[in-house]
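Please describe how the strands of this protein are arranged into sheets, and what packs against them.

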Amino acid sequence: MNTTVQTPLELNRQDLFPSSIYRGNSEDFLHLDKACDPIIQGLIKENQNKLKSGKIKQLPNSYHSENLWNHKPFEEFVKYVMQQMWNILAWQGYELKGKKPLLQECWVQEFPEEGGFHEIHIHPNNHMSGFYFLQCNEETSKPSFHDPRPGKTMTDLRMRDGKKIEIGSNQVHYSVKPGDFIFFNSFMPHAYSHHKGKNKFRFIHFNMAAVTDPSLTKISEDENNGI
Ligand SMILES: [Fe+2]
C-alpha cells in the first residue's frame, strides 16, 4: 500500500493530551556552581572512602546530594523555579485556587569520572519537575524524555526516521549547555545517557507539588451560615 493515498480525505487534526517540555536559558544562577563544589567534593570523598573500605562495591552512577531547598545560597533559585513551574501549571489550565507550591526535592548531581547515567524514571507525588545545568558540554550526558503513554509504548511501530521528532516519536534527547533550564510535568519519564570522562556533568534537579492549603480557601459568611 502507498504510504500516502492519491486523494486523501481532508481531515482536521487535533493534538490532544500533549507531553510538553519547556526549555529556556538563564545564567543568573550559574554562581550556584561554586556553592555546589564543597557538597560534591564531600560526596566524592565519602564514596571513595566507602569503596576503599569495601562498604560499596562500585561508585554510584551519580553523586547525589541531600535536599538543598533549605540551604541559604539556593533561596533565590528555589523561589525562581517554583514561580516558573507554577506559571506552567496555570498555562496548562489547572485550577490552582486553594493550592500552594511545595518544592519537595532539590538536589545537585554530578556524574563520576568513572562513568555516570540515570535510568528511566518519573517523580511520583509531584506535579512539576525540572533541571538546571551547571557544568556540561557537547561530550557529556544528554537528558532524554520518553512517551508517558504505556498503551502506545506497548504497541509502537518503528519510526521511518528515528532522528526526526514527529507525532509517532517515543523519545527525545537534548544537547544542553550551562544555564539551560528544562521544566516538565513530573509524570514524564526521563533518563540520562551514559557518560564517562573528565568533562564535568553537573546539574540541579527539582520537584514540586501543588498542595491543598485549607487556609487559602476562604469560605464566605453566607456559606458558613448555610445560606
Ligand atoms: Fe529525575
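The report below takes the two sheets in turn, after a note on the model.

## Basis of the model

This is a predicted model, in which local features need pLDDT of at least 70, side-chain atom pairs count only at pLDDT 80 or more, and totals for chains, interfaces and linings use all residues. Residues are numbered from 1 along each chain as its sequence is written.

## The six-stranded sheet

Six strands (DSSP runs of E, at least two residues, numbered from the N terminus) form an open antiparallel sheet in the order β1-β8-β5-β10-β3-β2, where pairing requires that DSSP finds at least two bridges between two strands. The edge strands are β1 and β2 (63-64), each of which pairs on one side only.

Strand β3 (residues 99-110) is joined to strand β10 (residues 202-212) by 11 antiparallel bridges, and Leu102 stands opposite Ala209 in β10. Helix α2 (residues 75-91; a DSSP run of H or I, at least four residues) packs on this sheet and touches β1, β3, β5, β8 and β10, contact meaning that C-beta atoms, placed from the backbone, lie within 7 Å. The direction of helix α2 makes about 125° with that of β3, with axes fitted to C-alpha atoms, for helices over the stretch in contact, and angles running from 0 to 180 degrees between N-to-C directions.

Strand β8 (residues 180-185) runs antiparallel to β1 (residues 21-25), with five bridges between them, and Arg23 stands opposite Ile182 in β8.

## The four-stranded sheet

Four strands form a second open sheet, antiparallel in its pairing, in the order β4-β9-β6-β7. Because β4 (116-121) and β7 (171-173) each have a single partner strand, one side of each is left without a neighbour in the sheet.

Notes: Contact = placed C-beta atoms within 7 Å.
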